[in-house]
Amino acid sequence: MNMTTERIRPAGLEAIDREMARQHADAITSYQSAGPMAARAAASLEKTGRLLLIGMGGSHAVNRAVEPLYRALGIDAIALPLSEQLGQPLPIAGRTIFVTSQSGESAEVVRWFNETGGTEDTFGLTLEAGAFLARTAPSLVGSGGSELAFAATRSLTVTFALHLAILAALGEDPAAALSVLEAPEDHDIAAALAALENVATVVTSGRRLQGVAEALALGLTELSRRPCFSLEGGQLRHGPMEMLGPEIGVVLFRGQDETAGLVTAMAMSAVETGAPVILFDASTEAPVAGATIRFAPATGLAAIFAMLPVAQRLMIGFADTRVENAGTPVRSTKITRSE
């Protein structure tokens, strides 16, 4: 008689499931309600022409993902970890500053305001209306309150929606990105998970979508407790290709932009090393050998909104096969209150 026992899903992953189930609705609501404050932030950017994006963890990954979108509008945008800004600061005078913290309570956020006093061109992006950040600076507040699960999922999507409101206030057309939120593409990730079945770890990479790659690597590391990391495509070329082989999974992000061909070349090179390659693809370029997950052609936030939930499912599936209690941190907390 064949006895099979159904594995109980870890509580930490169930918590992430709950966050992900509401992320699209919360993101749409966040975009709709952010208009007035987004207009103030956009007015500041039009005045200064310079943007410093500071945050930690998933917030920094969001900042890295939107950095090229502001640059494309002619804004001198730079994303730095808030810890770096505290230790070796860029000058803050004459810049618009976006401080991002989903909890609004991170240790570095509190210290930065205590040490600098903020500026008249400082804005917060947070999920918590009553937290330190929103009380201290004019803030765009995402819908649905703080994320309760450990690895960032909903908080990323909602924060991207707040940026969509700012970009729309700067004159960008939000229609493509909103349509993705309203009708998300569903994709089977079974082939991608199977391709990663025997790898020891994963490296993620992109070009213009490098920030999304960094968000995925962070979540993979947090949930699987493997040292998964991200390298921008050019940086991966310059030496680290040495690590690639059958035990290293490679996850690439390709959008409909002028860097797509470089991602294609990296995918082909990675396949040649024997590394399992997963390509999240929102371009019109030819498919690449390996597990390609194809999306409708898109760039910018439309591509990010399409790919991110599917990448989140891949991250969770990868961790669930490797860790007994995936999603329950053993060395960290959701809100990092110490430096």
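So, Leu 51 in strand E1: its bridge partner in strand E3 is Thr 96. This is a predicted model, by the way, so keep that in mind as we go. That pair belongs to a longer run, since E1 and E3, residues 96-100, pair in the parallel sense over 5 bridges.

Now the other neighbour. E1, which spans residues 50-55, also pairs with strand E2, residues 76-81, again parallel, over 6 bridges. If you want to find that on screen, look for Arg 50 opposite Asp 76, then go along to Ile 54, whose bridge partner is Leu 80. And how many of E1's residues are buried? That's 5 of 6, so call the strand mostly covered.

Getting from E1 to E2, you go through helix H4, residues 58-71, and the three make a right-handed β-α-β unit.

Stepping back a bit: UniProt, in an unreviewed entry, lists residues 41-188 as "domain: SIS". Over that stretch the chain is 45% helix and 17% strand, with the end C-alpha atoms 38 Å apart.

Last stop, helix H1, residues 11-21. Buried here are Gly 12, Leu 13, Ala 15, Ile 16, Glu 19 and Met 20. Why do they line one face of the helix? Look down the axis of H1 and the buried residues fall within an arc of 155°, so one face it is. The general rule behind that: an α-helix has 3.6 residues a turn, so positions three or four apart point the same way. On the other side of H1 you've got Ala 11, Arg 18 and Ala 21, exposed. As for what the buried residues pack against, it's helices H2, H8, H11 and H14.

How values were computed
Residues are numbered from 1 along each chain as its sequence is written. This is a predicted model: local features need pLDDT of at least 70, side-chain atom pairs count only at pLDDT 80 or more; totals for chains, interfaces and linings use all residues. Side-chain values use heavy atoms; hydrogens and water are left out. Buried means under 20% relative accessible area, exposed over 50%, partly exposed in between (1.4 Å probe, protein chains only). Helices (H or I, at least four residues) and strands (E, at least two) are DSSP runs, numbered from the N terminus. The arc is that of the directions from the helix axis to the C-beta atoms. Contact means heavy atoms within 4.5 Å. UniProt positions are given in the numbering used here, feature names are shortened, and annotations may be inferred rather than shown by experiment. Two strands pair if DSSP finds at least two bridges between them. A crossover is right-handed if, with the strands pointing away from the viewer, the path from the first strand over the helix to the second runs clockwise.
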